[in-house]
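Subject: Structure handover and findings

Hello,

I am passing this structure on to you. Please have the viewer open as you go through the notes below it.

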Amino acid sequence: MEPKSTLETTVTAEASTPQPRPPVAARNPVEHRLHGDLRVDDYFWLREKQNPEVIRHLQAENTYTDALLESTVAFQEKLYQEMLARIQQTDLSVPYRLRGYDYFTKTLEGKQYPLHYRRPADESSSAAAQYIAPQTGNQLSNEADQLLLDLNALAEGHSFLGLDAFEVSDDNQLLAYSTDTTGFRQYTLQIKDLATGQLLPFRAERVTSSTWSSDNKTLFYTVEDPVTKRSHRLYRHVLGDNGEDPIIFEESDERFRVQIDRTRSRSFLLLLCASHTTSEVRFLAADNPGGDFRLIAPREDSHEYYVEHHPALNIAGTSSDIFLIRSNSGGRTFRLATAPLSDPQRSNWQEIIPNRPDVMLSSVDPFRSHLVIFEREAGLPFLRILPLTDPSSHSRERQSPDWRVSDRPPKDLLANSYRIPFTEPAYNAAPGTNPEFDQSHFRYSYESFITPRSVFDFDVSSRQSTLRKQQPVLGGYDSSLYATERLHALASDGTRIPLSVVYRKSTPRDGSAPLLLYGYGSYGISMPVNFNSNRLSLLDRGVIFAIAHIRGGGELGKPWHDAGRMRNKHNTFTDFIASAEHLIAARYTNSQRLIIEGGSAGGLLMGAVTNLRPDLFHAVISHVPFVDVLNTMLDASLPLTVGEYEEWGNPQIAEDYFYMKSYCPYTNLERKPYPAMLIKTGLNDSQVMYWEPAKYVAKLRTLKTDSNPLLFKINMGAGHGGASGRYDYLREIALDYAFLFSQLGIHP
């Protein structure tokens, strides 16, 4: 029987207009048997992207969703205009300086995408010091500005555009950049001559990373497999060579991906081969692009290490040209060591910052005169400055304008280090754009639920932060009207789960307020406590917003991730349920006013918790949800699958199979009531294929015993991240919010 989908209508006695009925996907059972377990998949056929019936079914789902949300169209427009009115549409980013040029982006009212520019630097002042927030479009104009890329022009004829690589050669003459026009995250790399504005006759497909050598004519780039999307090959392109680019390295282990980068000192190229739990690094002098990459330390299971370089690091009175090694060999939260360039094997590593079990050493950025460590403690991010000079010698050094690293090194890096202070109970701070190795300042971004995104330059000598720009919020935003809190829920095993909460101060705290609870909890990714002017449309209507920082994420470091992956995955789901119960018990909301939201692996979370506790949630918003876990992880030909055995397990192993089966949302759907749901995906999603939510919705329609809406919205021209244009994206948010308000009974 040919699979078919129908969209039916019915007329009730009370209504004179037809009421849409949901699409019905045909059942075409496919049997799967493994480990003595039989599974029947009625909707396997929805994987057939080229099948016209599949496309018709997805279009029918869109039609049904549009019909049920038709009454909210005016509200969607109101929300869209409301959110748009808060944005300074014509704007300028804070410039950053790189080799004599100041680089920045412009956005123009009515344009979906930014424009990338540069101008010759005024060496008498910093790039940021020259920045003046524009009040009109005219203030964006400067005769010296050179347009490098107009993403609006590149997007013409496409419904999607993503920019990945943006690499300028050392002589400032060439720009290597890569774009994706489908949303499938397969990028095409090209080279632009910045003197003539013309593209060179070079084009590479499916590029995942790229970097120039220092000779200004050799470009290294990595490429992914066309089917599995695993980044597996490193190529070298030399300008003027017309033959095929040679393969410099190929990774055969399907768990591992390759990436090419360059140290901040610009001295070395680094080839990283990494799985989710193991890594190894090779290096090559940037001025010797025809040479062979050398291995620093061979891979060992569960050993991750990452490399940077400093040409004159003064440790214990000796100035050394060394590698900096961030390694988990001394503990899951990482430590910092040095290694000599001549023989960097592991036996020669010298520890300079020990492992601290409660502090996650997430990254290290070396500068000539200091190191900057990005670390996490107690669920919050911190920026630690490690001066490479003895503090007692600072006054002498500052008398000389060309001082670099003192002859008097600090005796203890940590003892002489300090954190940039932040005072809010929950916030997000992260390194900004810092391309120059010799700069004496450090750029970082800071924001919170109530503080708009702010760009600061931190002067290492004076220990002072200078605000360069704060995200404009038009319409008279007043942060004093809102409050943010840090709470902790208690999991069943006694673990304290951090929650970040924001609300308008006038919102009642008697359990009657609606609350939107967001969660993710996978891959060791931390959910940032960021500012979002769109969220004001929720807060100003009395909706509380919260993030549950559950296990499986990275908020408390690698051990927090370990506690929510593989056969610990159930912790992620029970942590989220405990967080919801805590918010209800603390009278922030009640179960009839609680909406939950998540995307991708957070969509898996949505599916799992609604299977476990459908009574706890009033409605669900799920983006590109990873809900068909078992079938996806059994298909090694799909993107990401093999590499993700280290996150979810390998279902070819019986114990992993049955553990995954115990929480797989698609597998565990039952005949019972479910909350109202809005589920969204993109047809060109390469991370979570569109058919996962399509199958989930089709099956759930046959099992749910309630009358709550189940809506499925598919962006037919985008991928995992949804719409790429800023105006299109706002309309997607407006639809989400209109659905949320409709379920809460909140009207325009």
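Strand 36 and strand 38 (residues 544–548) run antiparallel and are joined by four bridges. In this pairing, Ser-500 stands opposite Ile-547 of strand 38. Please keep in mind throughout that this is a predicted model.

Strand 36 also pairs with strand 35 (residues 482–490), again in the antiparallel sense, and here the number of bridges is nine. One of the residue pairs is His-488 with Pro-498, the latter in strand 36. Strands 35 and 36 form a hairpin with five residues between the strands, and Gly-494 in this hairpin has a positive phi near 90 degrees. How many of the nine residues of strand 36 (residues 496–504) are buried? The count is seven, so described because buried here means under 20% relative accessible area. The strand is thus mostly covered.

The whole protein

The secondary structure comes to 13 helices and 42 strands. The radius of gyration is 27 Å, close to the 27 Å that the globule rule gives for 748 residues, so the protein is as compact as a globular protein of that length. Along the principal axes, the C-alpha atoms fill a box of roughly 90 × 60 × 55 Å. Buried residues make up 57% of the 748.

Two open sheets

Strands of a sheet pair through backbone hydrogen bonds, in either a parallel or an antiparallel way. Two four-stranded cases are listed here.

An open sheet with antiparallel pairing has the strand order 19-20-21-22. Its edges are strand 19 (257–262) and strand 22 (294–295), each of which pairs on one side only. Inside this sheet, strand 20 (residues 268–274) and strand 21 (residues 279–285) are antiparallel and share seven bridges. Leu-271 has Arg-282 of strand 21 opposite to it.

Another open sheet runs in the order 27-28-29-30, also with antiparallel pairing. Why is one side of strand 27 and of strand 30 left without a neighbour in the sheet? Strand 27 (359–366) and strand 30 (418–419) stand at the edges and each has a single partner strand, so one side of each remains free of a neighbour in the sheet. The partner relation of strand 27 with strand 28 (residues 370–377) is antiparallel and covers seven bridges. Pro-366 has Leu-371 of strand 28 as its bridge partner.

Cavities

The structure holds two cavities of 30 Å³ or more. I looked at the second largest, which has a volume of about 40 Å³. Which residues line the second largest cavity? They are Gly-603, Met-606, Gly-607, Thr-610, Val-620, Ser-622, Pro-625, Val-627, Met-677, Ile-679 and Tyr-696.

Three elements each supply at least two residues of this lining: helix 8 (601–612), strand 40 (619–623) and strand 41 (676–682). Helix 8 gives the largest share, with four residues. By class, the lining has seven nonpolar residues, four polar ones and no charged ones.

Positive phi outside glycine

Lys-229 is not a glycine, yet its phi is positive, at about 60 degrees. The residue is found in the loop between strand 16 (218–224) and strand 17 (231–238). Is Lys-229 buried or exposed? Its relative accessibility is 5%, which is under the 20% cut-off, so Lys-229 counts as buried.

Arg-463 is another residue other than glycine with a positive phi, in this case near 60 degrees. Arg-463 is found in the loop between strand 33 (454–459) and strand 34 (464–470). With a relative accessible area of 42%, which lies between the 20% and 50% cut-offs, Arg-463 is classed as partly exposed.

Cysteines

The disulfide count comes to zero. Two of the cysteines can be noted for their burial: Cys-273 is buried with a relative accessible area of 0%, and Cys-664 is buried with a relative accessible area of 0% as well. Cys-273 falls within strand 20 (residues 268–274), one of the pair with seven bridges described above.

Regards

Notes: Residues numbered from 1 in each chain as written. Predicted model: local features only at pLDDT ≥ 70, side-chain atom pairs only at ≥ 80, totals over all residues. Heavy atoms only, no water. Buried < 20%, exposed > 50% of the residue type's maximum accessible area, 1.4 Å probe, protein only. Pairing = 2+ DSSP bridges. 1 Å grid on protein atoms, 1.4 Å probe; cavity = no way out; pocket = protein on both sides within 12 Å on 5 of 7 lines; lining within 4 Å. Points joined across faces, edges and corners; volume = space filled by probe spheres on them. Nonpolar A, V, L, I, M, F, W, Y, C, P; charged D, E, K, R; others polar. Disulfide = S-S within 2.5 Å. Rg over C-alpha atoms; globule rule 2.2 N^0.38 Å.
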